Amino acid sequence: NPNVEMKDSGVEWIGEIPSHWDSTPLKRLVRIGNGKDYKHIEVEDGGYPVYGTGGVFSRCSEFLHKGPSVLLGRKGTIDNPLFVNEPFWTSDTIYFTIIDESKILPLLLFRLVHQIPFDLFSYGSTIPSMTKSDYEEMKFPLPPLSEQHEIVSYLDGQTQLIDNTISIEEKRIELLKEYRQSLI
């Protein structure tokens, strides 16, 4: 709504938000859990995915959390939050979140954490790192749940349009490569 009254969020990288929204620290929306060593429960086949900052890299016989969860980098690739909607385990390079779904929709949280300017928060000269307290103190805009549903629905629709366009263009590129190859 372009006519909604706005207010300062109090967070420089967020800017203004609608006046009826809150600006809430992450610690009021989620509990952040630490990943753990998985070697003692690692399995070859089946089991549950083990996530690190780069995604799934192993499987194990137990899970830390059932999901849904937003995984937040602790060391290494900190600027690539992941969304998981199944039981999983995390290594010690990544945090997992236990989301209070009475306050925030998991998919909205996932979209919001992608907006974090990680270069302003990370520490460590050779390996980028984030602390649990850094994440917990970060403030995020928090609309009412009814608006959260609308926002997630809108973003999902727009993302689907973009994904479809990308898929069409990738197919077109492949056809052009084949055509070029046949000309050669």
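Two strands are taken as paired if DSSP finds at least two bridges between them, and it is in this sense that the strands of the predicted model are described below. In general terms, strands of a sheet pair through backbone hydrogen bonds, either parallel or antiparallel. In strand β6, the residue that serves as bridge partner of Pro49 is Arg59. This contact belongs to the pairing of β5 with β6 (residues 55-60), in which five bridges join two strands that run antiparallel. The two strands form a hairpin, with two residues between them.

On β5 there is also a pairing with strand β9 (residues 89-90), which is parallel and extends over two bridges. Within that pairing, Val50 has Trp89 of β9 as its bridge partner, and Tyr51 is matched in β9 with Thr90. The three strands thus described make up an open sheet with the order β6-β5-β9 and mixed pairing. Its edge strands are β6 and β9, each of which pairs on one side only. Strand β5 (residues 48-52) is mostly covered, four of its five residues being buried. Tyr51, already noted as the partner of Thr90, also takes part in an aromatic cluster that it forms with Phe88 and Phe96.

The chain as a whole contains four helices and eleven strands. Its C-alpha atoms fill a box of roughly 60 × 50 × 35 Å when taken along the principal axes, and of the 184 residues in the chain, 35% are buried.

Aromatic contacts were examined next. The count of aromatic pairs comes to seven. In one of these pairs, the ring centres of Trp13 and Phe140 are 6.0 Å apart and the ring planes lie at 80 degrees, so the arrangement is classed as edge-to-face, given that planes over 60 degrees apart fall into that class. The pair links distant parts of the chain, with Trp13 in the loop between β1 (6-8) and β2 (16-18) and Phe140 in strand β11 (residues 139-142), a separation of 127 residues. The two partners were also assessed for accessibility: Trp13, at 25% relative accessibility, counts as partly exposed, whereas Phe140 is buried, with a relative accessible area of 1%.

For Tyr95 and Tyr135, the ring centres lie 5.9 Å apart and the planes stand at 85 degrees, so this pair is likewise edge-to-face. Here too, distant parts of the chain are linked, since Tyr95 belongs to strand β10 (residues 94-99) and Tyr135 to helix α3 (residues 132-137), 40 residues apart. Both Tyr95 and Tyr135 are buried.

Helix α3 also holds Asp134, which is partly exposed, with a relative accessible area of 26%. Asp134 and Phe121 are 13 residues apart in sequence, and their C-alpha atoms are 7.3 Å apart in space.

The loop between β1 and β2, in which Trp13 is found, is likewise the place of Ser9. Ser9 is buried, with a relative accessible area of 7%, and a polar atom of its side chain lies 2.6 Å from the backbone oxygen of Gly15.

Open space at the protein surface was considered last. Rolling a probe the size of a water molecule over the atoms shows where empty space is left. The largest pocket has a volume of about 210 Å³. The elements that contribute two or more residues to its lining are α1 (106-113) and α4 (145-183), and the largest share, five residues, comes from α4. The residues that line the pocket are Trp21, Leu108, Leu112, Pro141, Pro143, Glu147, Glu150, Ile151, Tyr154 and Leu155. By class, eight of the lining residues are nonpolar and two are charged, while none is polar.

Definitions and conventions
Residues numbered from 1 in each chain as written. Predicted model: local features only at pLDDT ≥ 70, side-chain atom pairs only at ≥ 80, totals over all residues. Heavy atoms only, no water. 1 Å grid on protein atoms, 1.4 Å probe; cavity = no way out; pocket = protein on both sides within 12 Å on 5 of 7 lines; lining within 4 Å. Points joined across faces, edges and corners; volume = space filled by probe spheres on them. Nonpolar A, V, L, I, M, F, W, Y, C, P; charged D, E, K, R; others polar. Phe/Tyr/Trp six-rings, centres within 6.5 Å; stacked < 30°, edge-to-face > 60°. Buried < 20%, exposed > 50% of the residue type's maximum accessible area, 1.4 Å probe, protein only. Polar contact = N/O pair within 3.5 Å; in protein donor to acceptor, adjacent residues only side chain to side chain.
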